[in-house]
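Visitor: I would like a close look at a single part of this model, followed through in one connected account. Please begin from one pairing and work outwards to its surroundings.

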Amino acid sequence: GSHIARRTLDTDAQALSLGHGGRRLIRCSEDTRFAPDEALLGAGIYFTILAGQTLVLDPPNFFNELVWVQLDSAASGIVEIWSMGVN
């Protein structure tokens, strides 16, 4: 099975579901910060997926089902998540 999510982002931090298990493909329309929890995102401990970049995470990966995301500098953007091999 698979799980696909497409979310509109703004300047506020928000939780985003990555689905359960398997390979994950993440694509962002704008520079987007990712962190495993909101506190780390607020403390500046995150990684950035650049605008137009696609990131593929092969299993096992160490993200929980939820991650926190926030746009780096743009006012609005889109993030797409495709989780493959969902349990």
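Guide: In this predicted model, a good place to begin is Ile 26, whose bridge partner in strand E6 is Leu 55. That bridge belongs to the pairing of strand E3, residues 23–28, with E6, which runs in the antiparallel sense over four bridges. The two strands are part of an open sheet of four strands in the order E1-E8-E3-E6, with antiparallel pairing. Strand E1 (2–9) and strand E6 (54–57) stand at its edges, and because each has a single partner strand, one side of each is left without a neighbour in the sheet. From one strand to the next, the twist in this sheet averages 10°.

Ile 26 also leads inwards, since the largest nonpolar core, with 16 residues, counts Ile 26 among those with the most contacts inside it, together with Phe 34, Val 67, Val 79 and Ile 81. At least two residues of this core come from each of E1, E3, E7 and strand E8 (77–84), and E7 gives the most, with three residues.

Phe 34 deserves the next look, for this residue is buried, with a relative accessible area of 1%. Leaving aside its neighbours within four places in sequence, Phe 34 is in contact with Ile 26, where this account began, and also with Cys 28, Tyr 46, Phe 47, Ile 49, Val 67, Trp 68, Val 69 and Val 79.

One of these contacts is also an aromatic pair, and by the rule applied here the count of such pairs comes to one. Phe 34 and Phe 47 are stacked, at 5.6 Å centre to centre and with 20° between the planes, an angle that falls under the cut-off of 30 degrees for stacking. Phe 34 lies in strand E4 (residues 32–35) and Phe 47 in strand E5, so the pair ties together parts that are 13 residues apart in sequence. Phe 47, at 30% relative accessibility, counts as partly exposed, whereas Phe 34 is buried.

E4 and E5 bring us to the other sheet, in which four strands form an open arrangement in the order E2-E7-E4-E5, with antiparallel pairing. Its edge strands are strand E2 (14–17) and strand E5 (47–49), each of which pairs on one side only, and neighbouring strands here are turned by 40° against each other on average, direction ignored. Within this sheet, E2 and strand E7 (residues 66–71) pair in the antiparallel sense over four bridges, and the bridge partner of Ser 17 in E7 is Leu 66.

Notes: Residues are numbered from 1 along each chain as its sequence is written. This is a predicted model: local features need pLDDT of at least 70, side-chain atom pairs count only at pLDDT 80 or more; totals for chains, interfaces and linings use all residues. Side-chain values use heavy atoms; hydrogens and water are left out. Two strands pair if DSSP finds at least two bridges between them. Axes are lines fitted to C-alpha atoms, for helices over the stretch in contact, and angles run from 0 to 180 degrees between N-to-C directions. A nonpolar core is a set of buried Ala, Val, Leu, Ile, Met, Phe, Trp, Tyr and Cys residues joined through side-chain atoms within 4.5 Å. Buried means under 20% relative accessible area, exposed over 50%, partly exposed in between (1.4 Å probe, protein chains only). Contact means heavy atoms within 4.5 Å. Rings of Phe, Tyr and Trp (its six-membered ring) pair if their centres lie within 6.5 Å; planes under 30 degrees apart count as stacked, over 60 as edge-to-face and the rest as tilted.
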